[in-house]
Amino acid sequence: MGDVMLQEAISVAASLMLLISFALLAQHRLLSVLHWFAAQGVVLALTTLLVAVISGHNELYFSALMTLLLKGALLPWLLWRIIRKMHVHREVEPLVNMPVTMFIALTLVLVCFYVALPIERMSQLVTHNTLAIAMATVFLSMLMMITRKKAITQVIGFLSIENALFFTAIGATHGMPMIVELGVAFDVLIAAIIFGLFFTHMRSTFDSLDLDVIQEKSKR
Amino acid sequence: MTGTMNWFIFTLLSPLIGGLLLAFIRQPARSSAINIGFSCATLIGSLGLAVAVLQQGSHEALAGFFFLDAYNVFLITLTSFVSLTTSIFSGPYMRFEWLHRDLPEQRLRLYHAMFQLFVFGMLLGFTTNNIGVLWIALELATLATVLLVSLYRTPASIAAAWKYFMLAGMGIALALLGTILIFFTSSTIFGHSNDALTWTLLFAHASELDARVMMMAFAFLMVGYGTKIGLAPMHAWLPDAHAEGPTPVSAVLSGLLLNLALYALVRFKMLVDGATGTAMAGHIMIAFGLFSLCIAALSLHKQHDIKRMFSFSSIEHMGLMTVAFGIGTPLANFAGLLHMTVHSLVKSGIFFTVGHAAQAMGSQNMEQIRGLIRHHPGIGWGLLIGTAAIAGFPPFGVFTSEFLLFSAILDTHPWLVLPLLTGLLVAFAGLFRFVQPMVFGQAPEHAIAIKANMLPVYIHFALALLLGLAIPGPLANWYEQAATLIAGGAPL
């Protein structure tokens, strides 16, 4: 009985992840993108906690806590500070307009289900039915990263790819071994610091975080 | 056994300690000397390690967390050798940049620390037995070079570094997805533990891994690590990063980082071949390699910046190596390994020369660089010899490896010869079209006299020449061991 409940909970979490990925794509305001990004971190932490309860891997409790602190709180807070400090324009300008983006996103999800379903059946894990959704979230985040012009939205895209990959690992395999997970988290943290550095340089060199402007100015 | 262990720990720790130490040293002159010292220590360590592995065969180190075989110990030696010569070259080069481009001292500190950290990432990636840690190490090396590419903080360098960061980030994310998929199938055999990511165990049980998942994983790994190899069409970051970063960074990017990504891809190909029992993975690699070679050969003709031009030549050669490993017979692997060595040596040598040429002429624009051979005979000859070597003239090593590769191709895929040869010829024409007027012709008036440090360049070219004339016996034996290993033979 308990197992069925937990399995349902995992499916709900997976649907939430997919929903958030779409929400991230559909936002027009930078701050709402950031809110959804933080929500993604929290859902990720909750999923990890659920999987920890089901699988009994104790290291996952630690993982869940770390995810909550790093991805649900620290990174969104750092980004929020940057947005406030740099007075970035509120509007998100996508390269491709919203309806087209949504259509591409839907197609991506369908493709992921088509590719992942045969593989999912092999797995004995209770979380096996999340693989297709997990892969779809990875590709949706990538779509977000490539269709945005602002450096800051690209970074959120990058970090949400990282979230989606983490979710894939949790769903498909109950998480990678601790040492790998720690290493990946460490790399992401360094990447985030470098992003911060870049924002400062871009700000002082170009007076803008818009990549069109940056490409234009760097050619001179 | 313990001897190997000590050498290994020494080799791996030297750049890490070096990097941490250099982060605290302010005087540029002192830090460049320390940089050379640590690179030298790393080389000594890796030579000791190579000898030990060659005598005792491959084995695991530190409770199976690391492993050493003919394939990676050879790349470790190459990496530490090129990083030593690069650090020797970068001393006077960076001093010139420091004085003429008013780089703050703090920026040079960043440069030296990141250089050693990059070497550490490389060595960790080559030696780790865990495919997850391999990913982490490659990402570490990438992050270090991102900071190096944007070192000048010019608008163009920041834009280039950003592009590099984003594209590499996307590629590396796909590679992680591939790694997760491998863990997905291997954890059904080994359970949820580090064993399921341990390369030696995976290799031993490759036939039990699910072929379908492994093929899908390889598709992601191919695109992911392929981005880092610089294969077309994911190569957009590479020319920008090479052109805008300091020259020593271009040299290690082309000469070393691309090798690590290719190394990773070949390791995964070995697993996938074992799991599927077909040549599918190899065919994908051949297709990507061939496409990159053709795109790079054509793009090379359209360049104005000398470093961009030579970075397209790097894409071309990485494409050629990918084809070689894709074919995967022992002879082709032998050719691929030899090509990796000579390409690293010659290309980094060329970048050293190009760096000096750009300093003397005050520009990286090829139309501004003229008459090198009269103005700076050393640089002029260096560029001419280097270009001849990379274009595949005998008696240099590139010729030997390409010759071996074509012999291997004729055995298995004869139809490949025509497109490959055409690509090489087009690239060849492009190289000489640009290099000829730069070397000969009249030097512009604004050219300044610089003190060029050509010793590393000549050492590199001499080694490439030696490898072309006669590969020393032990080295040939070593290549042969590694080539058989990659072709799916039993681990040594």
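**View 1. No salt bridge spans the interface of chain B and chain A.** In this predicted model, the rule finds zero salt bridges across the interface of chain B and chain A. Polar contacts are present: five residue pairs make them between the two chains. The buried area is about 4000 Å². Carbon and sulfur atoms give 86% of that area. On the contact count, 40 residues of chain B touch 50 residues of chain A.

**View 2. The chain B side of the interface.** Trp162(B), Phe184(B) and His192(B) lose the most area to chain A among the residues of chain B. Together they give 18% of what that side buries. Helices α5 (131-149), α6 (155-190) and α8 of chain B each supply at least two residues of the side that touches chain A. The largest share comes from α6(B), with 18 residues.

**View 3. An aromatic pair crosses between the chains.** Phe139(A) sits in helix α5 (residues 131-146) of chain A, and its partner Phe220(B) sits in helix α8 (residues 211-229) of chain B. The ring centres are 6.0 Å apart. The planes stand at 35 degrees, so the pair is tilted. Both Phe139(A) and Phe220(B) are buried.

**View 4. One aromatic cluster holds residues of both chains.** Chain A contributes Phe158(A), Phe195(A), Phe198(A) and Phe199(A). Chain B contributes Trp162(B) and Phe165(B). Trp162(B) also appears among the residues of chain B that lose the most area to chain A. Over all chains, the structure holds 27 aromatic pairs.

**View 5. Phe399(B) and Phe403(B) stack along one helix.** Both residues lie in helix α16 (residues 397-412) of chain B. They are four residues apart, about one turn of the helix. Their ring centres are 6.1 Å apart, with 25 degrees between the planes. The pair counts as stacked. Phe399(B) is partly exposed, at 33% relative accessibility. Phe403(B) is exposed, at 54%.

**View 6. Arg267(B) meets both an acid and a ring.** Asp69(B) and Arg267(B) form a salt bridge, with the closest N and O atoms 3.1 Å apart. Asp69(B) is in the loop between β2 (66-68) and α3 (70-100) of chain B, while Arg267(B) is in helix α10 (residues 247-276), so the bridge ties together parts that are 198 residues apart in sequence. Both Asp69(B) and Arg267(B) are buried. The charged end of Arg267(B) also sits over the ring of Trp199(B), 4.5 Å from its centre.

**View 7. Lys228(B) lies over the face of Trp237(B).** The distance from the ring centre is 5.8 Å.

**View 8. Asp240(B) joins two basic residues.** Lys163(B), Asp240(B) and Arg308(B) are linked in a network of salt bridges. The structure holds five salt bridges over all chains. Lys163(B) meets Asp240(B) at 2.8 Å, N to O. That pair runs from helix α6 to helix α9 (residues 237-244) of chain B, 77 residues apart. Arg308(B) meets Asp240(B) with the closest N and O atoms 2.4 Å apart. Arg308(B) lies in helix α12 (residues 306-327) and Asp240(B) in helix α9, so this pair ties together parts 68 residues apart in sequence. Asp240(B) is buried, with a relative accessible area of 15%. Lys163(B) is partly exposed at 28% relative accessibility. Arg308(B) is partly exposed too, at 24%.

Note on methods
Residues are numbered from 1 along each chain as its sequence is written. Chains are lettered from A and ligands numbered from 1 in the order in which they are written. This is a predicted model: local features need pLDDT of at least 70, side-chain atom pairs count only at pLDDT 80 or more; totals for chains, interfaces and linings use all residues. Side-chain values use heavy atoms; hydrogens and water are left out. Rings of Phe, Tyr and Trp (its six-membered ring) pair if their centres lie within 6.5 Å; planes under 30 degrees apart count as stacked, over 60 as edge-to-face and the rest as tilted. Buried means under 20% relative accessible area, exposed over 50%, partly exposed in between (1.4 Å probe, protein chains only). A charge sits over a ring if NZ of Lys or CZ of Arg is within 6 Å of the ring centre and within 35 degrees of the ring normal. Contact means heavy atoms within 4.5 Å. Buried area is the accessible area (1.4 Å probe) that two parts lose on being put together, summed over both. A salt bridge is a side-chain nitrogen of Lys or Arg within 4 Å of a carboxyl oxygen of Asp or Glu. A polar contact is a pair of N or O atoms within 3.5 Å; within protein, one must be able to donate a hydrogen and the other to accept it, and residues adjacent in sequence count only if both atoms are side-chain atoms.
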